[in-house]
Structures are given as C-alpha cells and as structure tokens.
Amino acid sequence: MSKKTVGIVGARGHTGAELIRLIARHPHLELAFVSSRELDGQKVGDHIAGFAGELRYENLGHEQVGGKGADAVILALPNGKAAELVAAIDAQAPDSVIVDLSADYRFNEDWYYGLPELTRQRYAGQKRISNPGCYATAMQLAIAPLLDRLAGPPQCFGVSGYSGAGTTPSDKNNVELLRDNLMPYSLADHMHEREVSRQLGVPVEFMPHVAPHFRGITMTVNLWLREPVKVDAIRDLYRQRYAGEPLIRILDEAPWVSRIAGRHGVEIGGFTVAPGGKRLVVVATLDNLLKGAATQAMQNLNLAFGLDELEGIPL
C-alpha cells in the first residue's frame, strides 16, 4: 500500500516530538508537514534526534493546514485552539482524518472517543477522533474492570511529571518551584474528572498533583465495592479483562513511574484489599507523553487507516 500522509499542528511541544518519532519509524505513514510558529523554517532533524530528511517546521495558518490535503492531521494544541482548524479542514479536506489531542471534542457525540482498549468496538469509520487525556486514560483503565461492582465514586489521586504541563512556562513546569515539592492543583471539577465520569457513566473524584520528575503518571485509585472481594480474584479479573492487550501489563506489586517512563504501555498493580473486603486500592502508571498522548494517537490513526492497531509502536 502507498504511504498515508500525516501532518502535525503544534509540533514544538513534548507530545509533538514523540509523534514525529513514531510517524518517522512507521512503515505505512509519512510526515506531510509539521507546523510550529516558534520553529518556523528550522529543520526537524535539528530538534528530533535520529530524524532523517530535509523536512522543516512551517508556520501554517488554518486555511493552509486545510489546503495541505494530508490524509490525516494530528492537532497537538492547548485546549480551546482546535475549532478553527477543524472548520478549515472540514471545508477543504473533509475526508482527512483528524486526531485531536486536546479536550475540545471529548464531550462531542459526533466524534469518536479513542481509548482503544475500552472503545474500539465503537469505532465505525469516523474521521474525527478525540484522543483521551493522559490522566483520564490511567483512571479509566484502572476502574473499568470493576464498573459493575462499585458502591460509590472512585477516588483517584494522580501524580504527573511536569511535562504534562506543556512547554508554556507556568508554576506547574517550573523546575525550581517543583524541586523537593509535590504541587496539588484543580482538586475538584478537573477536566479529566468530568471526562472520566462521562465516559464510564459513574461519578469519579480526581485530585491531580505535579511532581519534580519529567514524565510519567502514577494514579492511585480507591474503590468501594458492593460485595467483599479477595485480592487474588481481583487480580485474575484484571488479567482476564485485559488479556490480549499488549500495551497493558497486570502486576502483582505496585508499578513504579520510573519503570514506565519512555515506554508505550500501561502497568496496573498493587491490588490491596482493606479489612472487610469492600475497599480496594489499585495503582496504574503510564507515560503521559506516550500512552497518555502520542502512542494512543498512533493506535487511533492505525485504526482509522485499517492497519494493525500497534503498527509502528515499539513493544
């Protein structure tokens, strides 16, 4: 088959760099353009180690992006920036696949919500795909096997590396402020809290924090259950639920964020049952830039193009 062309808007960010690396090694995809206002005119290879070729960053307006006619466009932009670009692509290249990494279309019924391990059965050829949030991916995968046993809202304590705050300077990616610190923020009604509650159909309580490490999320989830359970039975339930999912590993021990950084999957473990058997704690880890963003975007692109879902993703 001929290669499909993919453009990236917002290519300067951490996730954009990961997307460039993944597409460059993909046997059936090629980069059509990479758009970045700040890096306009500079060679991609000067910023992405190992990238070969003469491709340069471009500062493209909305109409220019639509006019490129790429088979797919990935939007790696901050929340609230996608609508005008989507409108331009709708007008000029309606058959292009769009994968939006922001939260802008996660609540839109007209878009496919692409967390493949939980939603691939809902995919029916949609060309507008909303990529889940990084925290939201960890929460959903940790909670989903027990949805029919919950006695109340899951409580989720999330800790992310500061790359999750993006490249625009803020307190949440200020290394000096984060040194020897754990920074809580948006402790109620966070975007990902609403996202997960909507997708799972149950209320979820989420408390996010930023830590001094660069990448990776630890999600500790407290679950109250209607009936008492045993640890071994719960661990087996998770293994059965995610059997055949190469990007999900079920562990006996609690996963470490340092062991997931730079890897494309999710680790879930640390299953602990409190006395009485009705309170369970589960820990999930993932790389926020990979399975929390770029890797998941690649799964969704592969699905849209009829390729193996894991094509081009190093396992």
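Student: Where is the place of Val281?
Tutor: This is a predicted model, in which local features need pLDDT of at least 70, side-chain atom pairs count only at pLDDT 80 or more, and totals for chains, interfaces and linings use all residues. Residues are numbered from 1 along each chain as its sequence is written, and side-chain values use heavy atoms, leaving out hydrogens and water. Helices (H or I, at least four residues) and strands (E, at least two) are DSSP runs, numbered from the N terminus. By that rule, Val281 belongs to strand β14.

Student: Does Val281 count as buried or exposed?
Tutor: Buried means under 20% relative accessible area, exposed over 50%, and partly exposed in between, with a 1.4 Å probe and protein chains only. Val281 has 19% relative accessibility, so this residue counts as buried.

Student: What is the C-alpha to C-alpha spacing of Val281 and Gly269?
Tutor: In sequence, the two are 12 residues apart. In space, their C-alpha atoms are separated by 9.2 Å.

Student: What order do the strands take in the open sheet with mixed pairing?
Tutor: Two strands pair if DSSP finds at least two bridges between them. The sheet has 7 strands with mixed pairing, in the order β9-β10-β8-β11-β14-β13-β12.

Student: Which strands stand at the edges there, each with a single partner strand?
Tutor: An edge strand here has a single partner, so one side is left without a neighbour in the sheet. The strands placed like that, residues 183-184 and 248-250, are β9 and β12.

Student: Which residue in β14 is the bridge partner of Met219?
Tutor: Strand β11 (residues 217-224) and strand β14 (residues 279-286) run antiparallel and are joined by 8 bridges. One of the partnerships between them sets Thr220 against Val283 in β14. For Met219, the partner in β14 is Ala284.

Student: And in β11, what is the bridge partner of Gly158?
Tutor: Here the strands are β8 and β11, which pair in the antiparallel sense over 6 bridges. Gly158 has as its partner in β11 the residue Met219.

Student: At what angle does helix α5 run to β11?
Tutor: Axes are lines fitted to C-alpha atoms, for helices over the stretch in contact, and angles run from 0 to 180 degrees between N-to-C directions. Contact means heavy atoms within 4.5 Å. Helix α5 (residues 134-143) lies across β8, β10, β11, β12, β13 and β14, and its angle to β11 is about 40°.

Student: How many residues of α5 are buried?
Tutor: The helix is mostly covered, and the buried residues include Tyr135, Met139 and Leu141. The count is 10 of 10.

Student: Which residue does the UniProt annotation "active site" cover?
Tutor: UniProt positions are given in the numbering used here, feature names are shortened, and annotations may be inferred rather than shown by experiment. The record is an unreviewed entry. The residue that it marks lies in helix α5 and touches His192, Ile217, Leu286, Asn288 and Gly292, not counting residues up to four places away in sequence. Its name is Cys134.

Student: How many disulfides does the count come to?
Tutor: A disulfide is a covalent bond between the sulfur atoms of two cysteines, and the rule used here asks for a pair of cysteine sulfur atoms within 2.5 Å. The sulfur of Cys134 has its closest cysteine sulfur in Cys156, 13 Å away, which is too far for a bond. Cys156 is buried, with a relative accessible area of 0%. The count of disulfides is 0.

Student: Which side chain joins that of Arg215 in a polar contact of 2.6 Å?
Tutor: A polar contact is a pair of N or O atoms within 3.5 Å; within protein, one must be able to donate a hydrogen and the other to accept it, and residues adjacent in sequence count only if both atoms are side-chain atoms. Arg215 is in the loop between β10 and β11, and its side chain makes a polar contact of 2.9 Å with that of Glu18. The contact of 2.6 Å is with the side chain of Asp287.

Student: Which residue in β3 stands opposite Ser35?
Tutor: Strand β3 belongs to an open sheet of 7 strands with parallel pairing, in the order β3-β2-β1-β4-β5-β7-β6. Its edge strands, each pairing on one side only, are β3 (57-58) and β6 (112-113). Strand β2 (residues 29-35) runs parallel to β3, with 2 bridges joining them. Opposite Ser35 in β3 is Glu58.
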